[in-house]
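Work through the exercises below with the sequence and coordinates open. Try each task before reading its solution.

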Amino acid sequence: MLGSRTDLHIFDAGSVNGTRYCNEILLPYVRLFRGAIGLQFLFMDDNAPCHRTVAADQLLESEDIERMDWPARSPDLNPIEHVWYFLGRRLAARTLPPVTIRELRLALQDEWAAMPQQLIDTSFSAWADAVKPA
């Protein structure tokens, strides 16, 4: 979000299904943000299968969390993709690239923490300007 971010959440081994998405993302992060921001909160995810499960839909509805409409087959529209690209470039530029899962996890967390908030804000602001109704 503009001006702030959560810690980077890295899923442990296994597939991310609707249950994991609800338990590891929606309940601990999204619900908390919704409570802090209030009624003007608008949640943006995408059309990943785990995001569009009945469980995720029901949880968001029960928490009165409004979800942004998202066009089908539009991954490049999501501003977080620019942030992931930057994160990947930072990992690739490391003098000693991570070689184990543990090292990768730590490197991702370090790079996420070091990422300028301005980069995130700029990505989301540019996106918001592009999708703003005329």
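A disulfide is a pair of cysteine sulfur atoms within 2.5 Å. Keep that cut-off at hand; the model is a predicted one.

**Exercise 1. Cysteines**

Task: Find how many disulfides the whole structure holds, and explain the result for Cys 22 and Cys 50.

Solution:
- Step 1. Start from Cys 22. The closest cysteine sulfur is in Cys 50, 9.1 Å away.
- Step 2. Compare with the cut-off. A disulfide needs the two sulfurs within 2.5 Å, so 9.1 Å is too far for a bond.
- Step 3. Reverse the search. From Cys 50, the closest cysteine sulfur is that of Cys 22, again too far for a bond at 9.1 Å.
- Step 4. Check burial. Cys 22 is buried, at 7% relative accessible area. Cys 50 is buried too, at 12%.
- Step 5. Conclude. The search of the whole structure gives zero disulfides.

**Exercise 2. Aromatic pairs**

Task: Count the aromatic pairs and classify their geometry.

Solution:
- Step 1. Count. There are two aromatic pairs.
- Step 2. Take Phe 41 and Phe 43. Their ring centres are 6.5 Å apart, with 15° between the planes. Planes under 30 degrees apart count as stacked, so this pair is stacked.
- Step 3. Add burial. Both Phe 41 and Phe 43 are buried.
- Step 4. Take Trp 84 and Trp 112. The centres are 5.8 Å apart and the planes differ by 35°, which makes a tilted pair.
- Step 5. Place this pair. Trp 84 sits in helix 3 (residues 80-92), and Trp 112 in helix 4 (residues 101-114). The pair therefore ties together parts 28 residues apart in sequence.
- Step 6. Add burial. Trp 84 is partly exposed, at 38% relative accessible area. Trp 112 is buried, at 10%.

**Exercise 3. Two aspartates**

Task: Are Asp 121 and Asp 64 buried or exposed? Describe the setting of each residue.

Solution:
- Step 1. Locate Asp 121. It belongs to helix 5 (residues 117-131).
- Step 2. Read its accessibility. Buried means under 20%; Asp 121 has 16%, so it counts as buried.
- Step 3. Look for a partner. The side chain of Asp 121 makes a polar contact of 2.9 Å with the side chain of Gln 117.
- Step 4. Turn to Asp 64. This residue lies in the loop between helix 2 (54-62) and strand 2 (66-67).
- Step 5. Read its accessibility. Exposed means over 50%; Asp 64 has 52%, so it is exposed.
- Step 6. Check the backbone. Phi of Asp 64 is near 55°, a positive value in a residue other than glycine.

Note on methods
Residues numbered from 1 in each chain as written. Predicted model: local features only at pLDDT ≥ 70, side-chain atom pairs only at ≥ 80, totals over all residues. Heavy atoms only, no water. Helix = DSSP H or I, 4+ residues; strand = E, 2+ residues; numbered from the N terminus. Buried < 20%, exposed > 50% of the residue type's maximum accessible area, 1.4 Å probe, protein only. Polar contact = N/O pair within 3.5 Å; in protein donor to acceptor, adjacent residues only side chain to side chain. Phe/Tyr/Trp six-rings, centres within 6.5 Å; stacked < 30°, edge-to-face > 60°.
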